[in-house]
Amino acid sequence: MAFTFKSLLSGGLAAAAIFTAMPSTAATVIDATRITFTSAVPDWMQIAEVVAIELGTLENVAAASNGGSAIATSSGFGTGPGGAIDGDLSQAFGPNIWHSGSSAADQMLEITLGRTSSLASLTLYARTSCCVSRNFYNYTIYNAANQTLASGLFDARSGNGIASISFGDPSSGAVPEPATWAMMILGFGAAGSAIRSRRRALA
């Protein structure tokens, strides 16, 4: 079968499409200082607990007991924003859960970590006693310079009302993104094609 640049290009593009469709390895989160949550629906916000695990110590640096603090645009039923970092993982609606005072799109919960930390994971516990369709959130993690370290979606609309993400360990070295892998494969394929063409020309 003839091996042409056209077949290489089409194969490389197919590989790129496959690798780009794969989920990315979670980025490392180094020197985080605060985390914000907004509704992705938008709708009323109802967060029972946020757990931010620090690399190395495995402590929850969002917890009030570890120096974490929380503020919110507004508060309604239940407790104030401190209910989201009080260490109570119960998800039923009650005094242990923070509930926004409005369903407007500008509602936000902001948690300042007890100390500057590199994070291993971030977990959100949402309300499960009612209205689980609201449990869909945007999160953004910042450093002290107000730069975004990581952001994404927390979908806790399933029955258990828990959403979690793990972050890469900076000490293990960087993992190439899918698009980078695709470009590397395309480059290797092009190099192989050039070598084969040269050998044919010499023969």
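**Exercise 1.** Which residues are linked with Arg115 in a network of salt bridges?

*Solution.* The model is a predicted one, and side-chain atom pairs count in it only at pLDDT 80 or more. A search of the whole structure under that condition returns five salt bridges. Looking among the salt bridges for those that join into a network, one finds Arg115 linked with Glu54 and Glu59.

**Exercise 2.** Describe the salt bridge between Arg34 and Glu110, and determine where its two partners lie in the chain and whether they are buried or exposed.

*Solution.* Begin with the distance: the side chains of Arg34 and Glu110 form a salt bridge with an N to O distance of 3.0 Å. Next, place the partners, which lie in distant parts of the chain: Arg34 belongs to strand β1 (residues 29–39) and Glu110 to strand β5 (residues 108–126), with their positions 76 residues apart. Finally, turn to the solvent, where Arg34 and Glu110 both count as buried.

**Exercise 3.** Carry out the corresponding analysis for the salt bridge of Asp43 and Arg134, and explain the burial class of Arg134.

*Solution.* The side chains of Asp43 and Arg134 meet in a salt bridge at 3.8 Å, N to O. This pair, too, links distant parts of the chain, since Asp43 sits in the loop between β1 and β2 while Arg134 sits in the loop between β5 and β6 (136–143), 91 residues apart. As for the burial class, Arg134 has a relative accessibility of 17% and therefore counts as buried, the cut-off being under 20%.

**Exercise 4.** Give the distance in the salt bridge of Asp155 and Arg157, and explain why each partner counts as partly exposed.

*Solution.* The salt bridge between the side chains of Asp155 and Arg157 has an N to O distance of 2.7 Å. Partly exposed residues fall between the limits of 20% and 50% relative accessible area. Asp155, at 40% relative accessibility, is therefore partly exposed, and Arg157, at 37%, is so classed as well.

**Exercise 5.** Locate the disulfide of the structure and assign its cysteines to a burial class.

*Solution.* The structure holds one disulfide, formed by Cys130 and Cys131, whose sulfur atoms are 2.1 Å apart. With a relative accessible area of 28%, Cys130 is partly exposed; Cys131 counts as partly exposed too, at 26% relative accessibility.

**Exercise 6.** Characterise the surroundings of Gln46, from its place in the secondary structure to its contacts.

*Solution.* Gln46 is found in strand β2, which covers residues 46–54. Its relative accessible area is 0%, so Gln46 counts as buried. On the polar side, the side chain of Gln46 makes a polar contact of 3.0 Å with the side chain of Asn135. Once neighbours within four places in sequence are set aside, the residues in contact with Gln46 include Ile97, Trp98 and His99, and also Cys130, Cys131 and Arg134. Among these are both cysteines of the disulfide, as well as the arginine that is paired with Asp43.

**Exercise 7.** Set these local details within the chain as a whole, using its secondary structure, burial, contacts and surface.

*Solution.* The protein chain has two helices and eight strands, arranged along the sequence as α-β-β-β-β-β-β-β-β-α. Of its 203 residues, 36% count as buried. Among contacts with a separation of 6 or more, 73% come from residues 24 or more positions apart. The accessible surface, lastly, comes to about 10500 Å², and 60% of that belongs to carbon and sulfur atoms.

Key. Residues numbered from 1 in each chain as written. Predicted model: local features only at pLDDT ≥ 70, side-chain atom pairs only at ≥ 80, totals over all residues. Heavy atoms only, no water. Helix = DSSP H or I, 4+ residues; strand = E, 2+ residues; numbered from the N terminus. Buried < 20%, exposed > 50% of the residue type's maximum accessible area, 1.4 Å probe, protein only. Polar contact = N/O pair within 3.5 Å; in protein donor to acceptor, adjacent residues only side chain to side chain. Contact = heavy atoms within 4.5 Å. Areas by Shrake-Rupley, 256 points an atom, 1.4 Å probe, with all protein chains shown as cover. Disulfide = S-S within 2.5 Å. Salt bridge = Lys/Arg side-chain N within 4 Å of Asp/Glu carboxyl O.
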